[in-house]
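Me: I would like a close look at a single part of this chain, a short helix, with enough of its surroundings to place it. Please go from that part outwards to the whole.

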Amino acid sequence: MSVLKRIWEDGAYGAVPVADCWWADSVPADDLPALEGDTTTEVAVIGAGFTGLNAALALAEAGVGVTVLQAEHPFWGASGRNGGFCCLGGAKASHATIRAKFGEAEACGFAQAELAAVAHVGDLIDGLGLDVDRHSEGETQLAHRPRDFDAMRADVEATRNLYGVTPTITPPAELAQAGFKGPFHGASTMPIGFALNPRKYAFGLCQAAQAAGAVVHGHSAVTRIETLADGRYRLHAEKGSVTAEKFIVATNGYSADNLPDWMGGRYLPTQSSVIVTRPMSDDELAAQGWTSRQMCYDTRHLLHYFRLMPDNRMLMGMRGGLKHSPGTEAQIKAMIRADFDKMFPAWAHVETPHYWSGFVCLSRDLIPYAGPIPDMPGGFAAFAYHGNGVSMGSYAGRLLADLVRDNTPETPYPAPLRHTPRKFPLGRFRRMLMRPAYLHYAWLDR
């Protein structure tokens with residue numbers, strides 16, 4: 001049995017980081033049986049998260065035989081433990097950076113893909129009739145410095161030209177009236193996107209994919225992809241194998257450098273951590289002056305993201321540690337709680353019984369990828385959503401379902417999404433790049 005070459009400590013891939021995840025309390029694990037014995041299929045999918053399940057659903061609906069293999073239970077990774085923001089994004093690179101690399105038309109094409117990604121998730125939820133605790137009218141960014149609010153106002157016209165909508169600007173003096181009372185200096189609300197319970201969405205996807213004919217196995221970690229003499233591929237798991245004409249790698253931040261070898265060095269998992277409070281009373285909400293149910297984030301590079309959920313629990317997330325251990329997890333938990341108390345002082349007494357962490361995935365060019373695996377005909381991969389996997393991860397899976405069937409996607413598939421990711425420097429030691437980057441971002445956030 002091959003050993004997966006992963007670049008974080010083993011504990012980061014175990015059960016402890018997700019043990020107290022609130023989403024797991026709200027939706028039971030779809031604990032599907034492991035693959036046993038040898039089987040065949042047209043398309044094998046590695047990973048039962050947003051990307052893999054979207055691909056499987058679309059393929060099954062098109063009448064393609066598809067088998068999904070998941071290391072733990074479905075949506076165990078980032079898809080079952082993220083903040084639940086379905087919004088514009090997918091790239092960490094700015095529009096100007098994407099334009100400089102790919103040209104104006106392709107940069108605008110990427111913006112259209114962002115819009116299409118949000119619409120895709122919304123249409124899917126509506127079409128499948130999923131109850132995902134949907135709320136928030138778009139996404140609100142809050143300025144943590146006065147000059148950031150000045151930049152928000154200056155960006156209105158550029159945002160209108162790029163996305164076709166006009167952000168709502170809330171001056172500092174009007175924040176409390178809007179239900180955003182806190183240490184902020186104004187806000188900009190983009191009227192695109194919504195918040196949701198990501199695990200309810202993923203659970204619904206998994207159920208729909210199986211109903212359409214997809215076979216989904218949990219507890220079936222793929223450890224090796226073998227190329228057969230006839231051009232097919234055999235995916236090996238602990239208790240069996242799947243032989244397929246084509247395959248998709250949809251493991252994102254939980255990928256391995258040798259599954260397949262092409263993945264080595266092309267992705268960088270970074271930790272993000274989340275706390276969730278107990279349900280709060282209306283009086284507690286009024287005491288803080290935070291009554292908005294908008295999904296929000298601040299203007300820091302090392303940002304905080306937060307939202308008041310339908311049952312009056314407050315969720316808040318931020319970057320995680322640079323390594324994984326019980327000690328670093330305790331430090332990050334204390335740090336995020338301290339930032340929470342500073343941001344919402346009237347809630348200093350409110351318990352936060354839920355804390356968890358997981359991986360966000362970056363690429364070297366800070367743009368996502370969805371496309372073929374070079375030198376492996378019939379192999380495809382999608383990864384690096386830079387914290388926006390609900391929308392872009394779902395969309396990438398839908399794109400791969402078209403590519404696997406040799407169809408030209410009918411929805412935007414611009415050059416940035418097609419661009420083969422470069423490798424990070426330092427190989428398996430590339431995590432070392434994060435420390436100077438975090439220090440630089442912290443300096444910029446002063």
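Reply: The model is predicted. In terms of accessible surface, the protein chain comes to about 17,700 Å², and carbon and sulfur atoms hold 52% of that area.

The part chosen is helix α6, which covers residues 156–163. Four of its residues, V156, T159, L162 and Y163, are buried. Looking down the axis of α6, these buried residues fall within an arc of 135 degrees, so they line one face of the helix. The spacing has a general background: an α-helix has 3.6 residues a turn, so residues three or four places apart point the same way.

The cover over the buried residues of α6 comes from helices and strands alike. Among the helices are α3 (95–102), α4 (104–128) and α5 (146–154). The strands include β5 (168–170) and β6 (187–190). After the helix comes G164, which has a positive phi, near 80 degrees.

Strand β5, one of the covering elements, contains T170. This residue has a relative accessibility of 9%, under the 20% cut-off, and therefore counts as buried. Beyond its neighbours within four places in sequence, T170 is in contact with F149, L175, A178, G186 and A187. Of these contacts of T170, F149 lies in the residue range of α5 and A187 in that of β6, two further elements that cover α6.

A second buried residue, in a loop, can be set beside T170. L259 is found between β11 (240–249) and β12 (268–276), and its relative accessibility of 7% means that L259 counts as buried. Not counting residues up to four places away in sequence, L259 touches L4, I46, V222, T223, R224, I225 and V249. From L259 to E245 the distance is 17 Å, C-alpha to C-alpha, with their positions 14 residues apart in sequence.

Now the whole. The protein chain has 12 helices and 18 strands. Its radius of gyration is 21 Å, close to the 22 Å that the globule rule gives for 446 residues, so the chain is as compact as a globular protein of that length. The C-alpha trace spans about 70 × 45 × 45 Å along its principal axes. Buried residues are 58% of the 446. Of the contacts with a separation of 6 or more, 76% are between residues 24 or more positions apart. As for charge, the mean positions of the 41 positive and 46 negative charges are 7 Å apart.

Terms used
Residues numbered from 1 in each chain as written. Predicted model: local features only at pLDDT ≥ 70, side-chain atom pairs only at ≥ 80, totals over all residues. Heavy atoms only, no water. Helix = DSSP H or I, 4+ residues; strand = E, 2+ residues; numbered from the N terminus. Rg over C-alpha atoms; globule rule 2.2 N^0.38 Å. Buried < 20%, exposed > 50% of the residue type's maximum accessible area, 1.4 Å probe, protein only. Contact = heavy atoms within 4.5 Å. Areas by Shrake-Rupley, 256 points an atom, 1.4 Å probe, with all protein chains shown as cover. Lys, Arg positive; Asp, Glu negative; His and termini not counted. Charge placed at Lys NZ, Arg CZ, Asp CG, Glu CD. Arc of directions from axis to C-beta.
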